[in-house]
Amino acid sequence: MTGLRAIQTIAANTLRDAVRSRVLYVLLFFSLVMIASSVTLAAFSYVERERIIQDIALSSIRFFGAAIAIFVGVGLVHREVERRTIYTILSKPVTRAQFIIGKYLGLVATLWIQLAVMACGYFAICELNGAVLGSGDAIAVGLIAVELSVVVAFATLFSSFATPFLAASYSVGLYMVGHLTRDLRVIGEGSGSETVASLTVWLERLLPDLSAFNRVMEAIHDLPIPPVEVGAELLQGIAWTVAFLAIAAWTFERRDFR
Amino acid sequence: MTPEAIVRVEGLVKDFRPGFGRRKTRVLKGIDFEVREGEVFGFIGPNGAGKTTTLKVLMGLIHATAGDARVLGHPVTESAYRASIGYAPESPYFYDFLTGREILDFYARLTAVPDALRADRVAEILEQVGLTHAADARLRTYSKGMLQRIGIAQAVVHDPSVVFLDEPMSGLDPVGRKEVRDLIVALNRAGKTIMMNTHILHDVEMICDRVAIIVDGSIAYEGVIDGFDSAGEKIYDVTLASLAPDFVEEIATGLDVAPSGRGERVTFRVPEKDVNGLVESALRRGGRLLEVLGHRSDLEALFLSTVNECKENGEGSA
């Protein structure tokens, strides 16, 4: 119980700290501007105007959500070490793993609040422009929330041992590769080399498949999304998050705070 | 482990590797010391001697390369027992967007102070460190002395039995130093064992019961500050006046330390059992008693001779 309480306390304080970040508000502002400008961009099209609005708006939410996750997440642990606020926290009955989990949950809570604001903007724009909203839109936004949780987990991992610049570079790299994971096998098969093919198969297994959380097309075209698939994607997201946080805690446990 | 040993360090070694491919540096070279229950223990040494590294090992912030370090009988790698200890780092930095009251509430939550007691406990500690007036001001508006006091307050908000302080008087003006010193004495009187890292010898002389001197990663001295003779008896400085020179000579022949004097005042350093006899015979011979004080070692002389001896030997004599 003491451990849970420590995690909760650190998470609440992280949320309180994170909502003061100017970067977060700048990115949130631009995401809302992008969502609103989807109406203007859709005006250039003669067909499927509502779908273009949905496509641009949901893609903006994904992009800016990931940007907030990475740029706030990479400084998450590093800043605590740099400022030495971690000294007084770890001298209390708080394990390093609890500290990492608390920081992670605090940032996820921050992101989900931002996501809720962006989703409200999206739903309002759709409503005002006659786009039909279905359960697919809610599922798409929900899976963006899962994807962002995974992104924050690996940003936290990189933040636990690297400087913010390096952590941001690693996180952006992994985010981009994570969206190409499904193409890796195709690239390997097309290479004609057995070594490359087996390497790409292993990479596909090792790297997170972030495109699994992308249900934007189904939401736009009102296609059915089987609940089993949503459940599997949710479990996949949880598994990746746990794996990244476990590595982060393991790495952090071995550090000396000089 | 002796029952009264609250902190026990044995053969503690710490190596740092400055960077990939570089040779490691041995910062702690197998140090041993112990802190006993109820004492104020001064851990002193020159800059870079290993004081803060030792304290960080005790706090679990740095992993020891070898050796054993225990606090309250627990290995320092454990976490749960830290509910019974407090730590104030050197030049502490806190979340400056929080107020004094909020930061103490944060630490009280981390140390599982019960909800029903937390607000009262925070108010009590703020009162104790003299920050009630600034309780609801953001920490970014606090002076260095106020932050130092908040640092001590967060270390004791959960009422620990042992408190570790890293350079608690560092960077403070004389008023701030006195306030922090008084606070440490008050905590000790309240029953807390205190280990304090510092290089301000005057403060150590005033409040510490025992000291360890660390030089270049080795313990060069560990012992009391108050004077005791070889039999472990307390030593006193007895200052007398109006004494005949032959009387002074007569007494001096039986003493280990020659009497020191200024004008007609002469100070004799004698063990406790000889104080009454000396005073009575001096009064009989027409002398006057000016003062009797418990002798305190000249820490600065001890410190400098220890450091110089270590430099001459090339290392600390652990």
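Mentor: Two strands count as paired if DSSP finds at least two bridges between them. The model discussed here is predicted.

Trainee: With that rule, how do E3(B) and E9(B) run, parallel or antiparallel?
Mentor: Four bridges join E3(B) to E9(B), and the rule asks for at least two, so the strands pair. Within this pairing, Phe41(B) stands opposite Arg210(B) of E9(B). The direction of E3(B) and E9(B) is parallel.

Trainee: How many bridges does E9(B) share with E10(B)?
Mentor: Strand E9 covers residues 210-215 of chain B and pairs with E10(B) in the antiparallel sense. Two of the opposed pairs are Ala212(B) with Glu222(B) and Ile213(B) with Tyr221(B). The number of bridges between E9(B) and E10(B) is six.

Trainee: Which residue in the turn between E9(B) and E10(B) has a positive phi?
Mentor: E9(B) and E10(B) form a hairpin, with two residues between the strands. The phi in question is about 50°, and the residue is Asp216(B).

Trainee: What is the strand order of the open sheet that holds E9(B)?
Mentor: This sheet has six strands and mixed pairing. Neighbouring strands are turned by 15° against each other on average, with direction ignored. The order in chain B is E6-E7-E8-E3-E9-E10.

Trainee: Why is one side of E6(B) and of E10(B) without a neighbour in the sheet?
Mentor: Strand E6 (85-88) and strand E10 (218-224) of chain B stand at the edges of the sheet. One side of each is left without a neighbour because each has a single partner strand.

Trainee: Which helix of chain B packs on E3, E9 and E10?
Mentor: Another helix, H4 (residues 144-156) of chain B, lies across E6 and E7 and runs at about 165° to E6(B). The helix asked about touches E3, E9 and E10 of chain B, and its direction makes about 30° with that of E9(B). This helix, residues 299-313, is H9(B).

Trainee: How many residues of E9(B) are buried?
Mentor: Buried means under 20% relative accessible area. On one side of E9(B), Arg210(B), Ala212(B) and Ile214(B) meet that limit, and on the other side Val211(B), Ile213(B) and Val215(B) do. The count for E9(B) is six of six.

Trainee: Which strands are at the edges of the four-strand sheet in chain B?
Mentor: That sheet is open, is antiparallel in its pairing and has the order E2-E1-E4-E5. E1(B) and E4(B) are joined by five bridges, with Val9(B) partnered by Ala69(B) in E4(B). Helix H1 (residues 51-58) of chain B packs on this sheet and touches E1, E2 and E4 of chain B. The edge strands, each paired on one side only, are E2(B) and E5(B).

Trainee: Which helix gives the largest share of the largest nonpolar core?
Mentor: The largest nonpolar core has 159 residues, and those touching the most other members are Phe33(B), Leu58(B), Ile103(B) and Phe164(B). The largest share of this core is 15 residues, from residues 135-159 of chain A, which is helix H7(A).

Trainee: Is Gln54(A) buried or exposed?
Mentor: Gln54(A) lies in helix H3 (residues 49-73) of chain A. Outside its sequence neighbourhood of four places, Gln54(A) touches residues including Tyr122(A), Leu133(A), Asp137(A) and Ile220(A). Its relative accessibility is 2%, so Gln54(A) counts as buried.

Trainee: How is H1(A) oriented against H2(B), roughly parallel or antiparallel?
Mentor: The axes of H1(A), residues 2-18, and H2(B), residues 100-110, come within 8 Å and cross at roughly 150°. Angles over 145 degrees count as roughly antiparallel. H1(A) against H2(B) is therefore roughly antiparallel.

Trainee: How many charged residues take part in the contact of H1(A) with H2(B)?
Mentor: From H1(A), the contact includes Arg5(A), Ile10(A) and Arg16(A); from H2(B), it includes Glu102(B), Phe106(B) and Arg109(B). By class, the contact has four nonpolar and two polar residues, and the number of charged residues is four.

Note on methods: Residues are numbered from 1 along each chain as its sequence is written. Chains are lettered from A and ligands numbered from 1 in the order in which they are written. This is a predicted model: local features need pLDDT of at least 70, side-chain atom pairs count only at pLDDT 80 or more; totals for chains, interfaces and linings use all residues. Side-chain values use heavy atoms; hydrogens and water are left out. Axes are lines fitted to C-alpha atoms, for helices over the stretch in contact, and angles run from 0 to 180 degrees between N-to-C directions. Angles under 35 degrees count as roughly parallel, over 145 as roughly antiparallel, 65 to 115 as roughly perpendicular and the rest as oblique. Contact means heavy atoms within 4.5 Å. Ala, Val, Leu, Ile, Met, Phe, Trp, Tyr, Cys and Pro count as nonpolar, Asp, Glu, Lys and Arg as charged, and the others, Gly among them, as polar. A nonpolar core is a set of buried Ala, Val, Leu, Ile, Met, Phe, Trp, Tyr and Cys residues joined through side-chain atoms within 4.5 Å. Buried means under 20% relative accessible area, exposed over 50%, partly exposed in between (1.4 Å probe, protein chains only).
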